[in-house]
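Reader: I am new to this structure and should be grateful for a close look at one part of it. Would you please describe that part and its surroundings in full?

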Amino acid sequence: MKIAVSGKGGVGKTFIAGGLAKGFASRGLKTIAIDADSSPNLAMTLGLKAEEARKILPITENKELVDSKTSTGYSGVYRLSFTVDDIVKQYSVPTPLGVNLIVMGTVQSMGAGCMCAPNAVVRALLRHLIVEVNEAVVMDLEAGVEHIGRATARQVDALLIVADSNLKSLEIAKHIYDMATVAGMKKLYLIGNRVMNDTQKEAIQNFAEKNGLPLLEFVPFDQHVIDADMRGETPLLHTEILSVQTIDNICETLIQKLKVP
Ligand SMILES: Nc1ncnc2c1ncn2[C@@H]1O[C@H](COP(=O)(O)OP(=O)(O)OP(=O)(O)O)[C@@H](O)[C@H]1O
Ligand SMILES: [Mg+2]
């Protein structure tokens, strides 16, 4: 089960990705959460405290690790082939919600200085996690559409696209959907988040129908989510909250939909 969560900035990707990872782990699946956002903040949603989250060194910033994998001893020349399975064991961080977290760090595009070696490590690691590892993987993607073009993001079993009733977030959802479709991704689902009333629900539903986006679920607006985030706590421990329950139900739906026959 390899899931990626995408969408416009601030629509609730991290909340939903964290909730799905927690849901898979609580169903007994060994689960890895990947924070693939260059401004990472999945750690706190998975129950780590701010000071613990701050201590996590992203893979791309771990010079020692990157050097140990890629260095040839010649400056500007780095190794292309190396093993990464040990990185998962050594650098994934256990979290209170039973999920192991890997923080990737900033992946620069080509030509942006000397980022080639860290990029190579992240690419190999993502490939390993998505293609080779026999565990549930939930990836919290960077806002926007840029990552969809990357080969690794394309190999997930399902891409979830989060939007709320704001037309701008729906337009970006459509853009992501179109790009992912062109890239050959088959299982794409829209999640309507932060839904406050029927008018917002209808706005999302109408947009989805008009543009052919398969709508998976609505996650209701919950003030508790905002309050917990304000206190620096994870909202996901509040299993009495409807939005948390709804995300947990999405796990069940995904397990059914993605089941190998
Ligand atoms: N269902 C919901 N009800 C109420 N508030 C929500 C809900 N989902 C998310 N939020 C709030 O919306 C804000 C953004 O959520 P989150 O950080 O998950 O979004 P994001 O898409 O990951 O943002 P970014 O693009 O910055 O990474 C947070 O303050 C969060 O508490
Ligand atoms: Mg986020």
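**Helix 1 and the shell around ligand 1**

Author: G28, just after helix 1, adopts a positive phi of about 90°. The model is a predicted one, in which local features require pLDDT of at least 70 and side-chain atom pairs count only at pLDDT 80 or more, while totals for chains, interfaces and linings use all residues. Residues are numbered from 1 along each chain as its sequence is written, and chains are lettered from A and ligands numbered from 1 in the order in which they are written.

Helix 1 contains 14 residues, and the distance from its first C-alpha to its last is 20 Å. That is close to the expected 20 Å at 1.5 Å a residue, the expected span being 1.5 Å times one less than the number of residues. Helices (H or I, at least four residues) and strands (E, at least two) are DSSP runs, numbered from the N terminus.

Of the 14 residues in helix 1, 13 are buried, and the helix is thus mostly covered. A buried residue has 20 or more other C-beta atoms within 10 Å of its own, with C-beta atoms placed from the backbone.

Helix 1 (13–26) also contributes two or more residues to the shell around ligand 1, as do strand 7 (188–195) and helix 10 (223–231). In total, 19 residues surround ligand 1, the closest being G9, G12, K13, T14 and F15; a residue is near a molecule if its C-beta atom, placed from the backbone, lies within 6 Å of it. The shell comprises seven nonpolar, seven polar and five charged residues. Here Ala, Val, Leu, Ile, Met, Phe, Trp, Tyr, Cys and Pro count as nonpolar, Asp, Glu, Lys and Arg as charged, and the others, Gly among them, as polar.

Note on methods
A residue is buried if 20 or more other C-beta atoms lie within 10 Å of its own, exposed if 12 or fewer, and partly exposed in between; C-beta atoms are placed from the backbone.
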